[in-house]
Amino acid sequence: MEHVRFVSCPKREGRSDLTFGTPIDLGAYDVPGRGKGVLDVFRRRYLLRLLVRKGTATRYRNSVLGWVWSYVKPASQFLIYYFVMGIILNFHRDIENFPIYLFSGVVAVNLFNEAFGNATTSIVDNRALVKKIYLPRELFPVAAIIVAFVHFLPQLAILIVVCLLIGWTPTVAGIGGAILGLVLIVAFALGLGLFFSALNARFRDAQNFVELIRMFSTWTSPVLYTWAMVYTQLENHPWIFTLYSWNPLTVAVELFHQGFWASTTADSGLGIIPGFGTALLVAGIICVSMLIVGQLVFRNLERSFAQDL
């Protein structure tokens, strides 16, 4: 029988001598499942880039048209909405440059719907990685939202080109408002995405509830109509209109309208939503609150993802 000889190793700073069985300082190591949440995503930017690259590369794999679908889908949606709301219901007569008004709202809501939907299914779609290795689970919803943003860019490019052809004059306030609208949409989608992606890993019918939210998002924000129509109908119930104006999507869509559509009109008479400053503040608070709640729920459920999947 061979004899095993133990050789003592010199002590290093921050480490104990293994030979004498003294405790080891593990302060520099992370305990699996106890990361820092979304903040860990920024520490692992390389993994995030890989997930984003994977999401963009596989989206239209084995597709004949490929990235052309990023233009075809929103264009088809716009034509249907314009035919129904603009031509049949004659909204194009009441709203100057109605196509710009409609499309600027459509691209904003499309970004939210795709980002929210992708984030919700991100854990289930990446079940192979979740079950085999440890990495911050928040990487998957964040990467899904970035992929949605990448596919939003062609729609934004079309909107900008059309606005310029019509006579759009960019302003600092308008561009700043549009960027602020983007921030609200992404933050709201991320908060909801973290919340529902965690639930969807355990309860698959959570995805059906998400589809309802995505369907209502188009109709509960001033995309196919104006806020003034809602204001008129709810004149006797102002508190309902106040709740409507506090919707982060309503605020974001109006910021897009002011950024792209408003400056293409001579005098639309529509203006901005009454009390818009308060609505913007409340919408920001809602987004931040949703991020906090979504992160807490996600961290509470992520330890059982492997078992649930």
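How accessible is isoleucine 87, and is the residue buried, exposed or partly exposed? Isoleucine 87 is partly exposed, and its relative accessible area is 42%. The model described here is a predicted one.

## The chain as a whole

The chain contains 14 helices and zero strands. Reading along the sequence therefore gives the pattern α-α-α-α-α-α-α-α-α-α-α-α-α-α. The chain has 309 residues, and 44% of them are buried.

Contacts can be sorted by how far apart the partners are in sequence. Among contacts between residues at least 6 apart, 79% join residues at least 24 apart. The accessible surface of the chain is about 17200 Å², and carbon and sulfur atoms account for 65% of that surface.

## A nonpolar patch on the surface

Isoleucine 87 sits in helix H3, which covers residues 69-88. Together with Ile80, Phe83, Val84, Ile88 and Leu89, Ile87 makes a nonpolar surface patch of about 550 Å². A residue needs over 30% relative accessible area to belong to a patch. Isoleucine 87 meets that cut-off because its relative accessible area is 42%.

## The nonpolar core

In soluble globular proteins, nonpolar side chains tend to be buried together. Here the largest nonpolar core has 77 residues. The members that touch the most other members are Leu102, Phe112, Ile185, Phe256, Phe260 and Phe305. Helix H5 (residues 98-125) gives this core its largest share, 15 residues.

What does isoleucine 185 contact, leaving aside its neighbours within four places in sequence? The partners are Ala108, Leu111, Phe112, Leu249, Ala252 and Phe256. Two of these names, Phe112 and Phe256, also appear in the list of core members that touch the most others.

## Aromatic rings

The structure holds 15 aromatic pairs. A pair of aromatic rings is described by the distance of the centres and the angle of the planes. One aromatic cluster is formed by Phe112, Phe116, Phe188, Phe195, Phe196 and Phe209. Phe112 thus has a place in this cluster and is also a member of the largest nonpolar core.

## One salt bridge

How many salt bridges does a search of the whole structure find? The search finds one. Side chains of opposite charge can pair when their charged atoms come close. In this case glutamate 211 pairs with arginine 214, and the closest N and O atoms are 3.1 Å apart.

Both residues belong to helix H9 (residues 206-219). Because they are three residues apart in that helix, about one helical turn separates glutamate 211 from arginine 214. Glutamate 211 is partly exposed, with a relative accessible area of 37%. Arginine 214 is also partly exposed, at 24% relative accessibility.

## Two asparagines in loops

Most residues other than glycine have a negative phi, and most peptide bonds are trans. Asparagine 97 has a positive phi, near 50°. This asparagine lies in the loop between helix H4 (91-94) and H5. Asparagine 97 counts as partly exposed because its relative accessible area is 23%, and the cut-off for buried is under 20%.

Asparagine 126 is in the loop between H5 and helix H6 (127-132). Is asparagine 126 buried or exposed? With a relative accessible area of 12%, asparagine 126 is buried. Leaving aside neighbours within four places in sequence, asparagine 126 is in contact with Lys54 and Phe140.

Methods. Residues numbered from 1 in each chain as written. Predicted model: local features only at pLDDT ≥ 70, side-chain atom pairs only at ≥ 80, totals over all residues. Heavy atoms only, no water. Patch = residues over 30% accessible without salt bridge, like charges linked within 9 Å, V, L, I, M, F, W, Y side chains within 5 Å. Areas by Shrake-Rupley, 256 points an atom, 1.4 Å probe, with all protein chains shown as cover. Salt bridge = Lys/Arg side-chain N within 4 Å of Asp/Glu carboxyl O. Helix = DSSP H or I, 4+ residues; strand = E, 2+ residues; numbered from the N terminus. Buried < 20%, exposed > 50% of the residue type's maximum accessible area, 1.4 Å probe, protein only. Core = buried A, V, L, I, M, F, W, Y, C linked by side-chain atoms within 4.5 Å. Contact = heavy atoms within 4.5 Å. Phe/Tyr/Trp six-rings, centres within 6.5 Å; stacked < 30°, edge-to-face > 60°.
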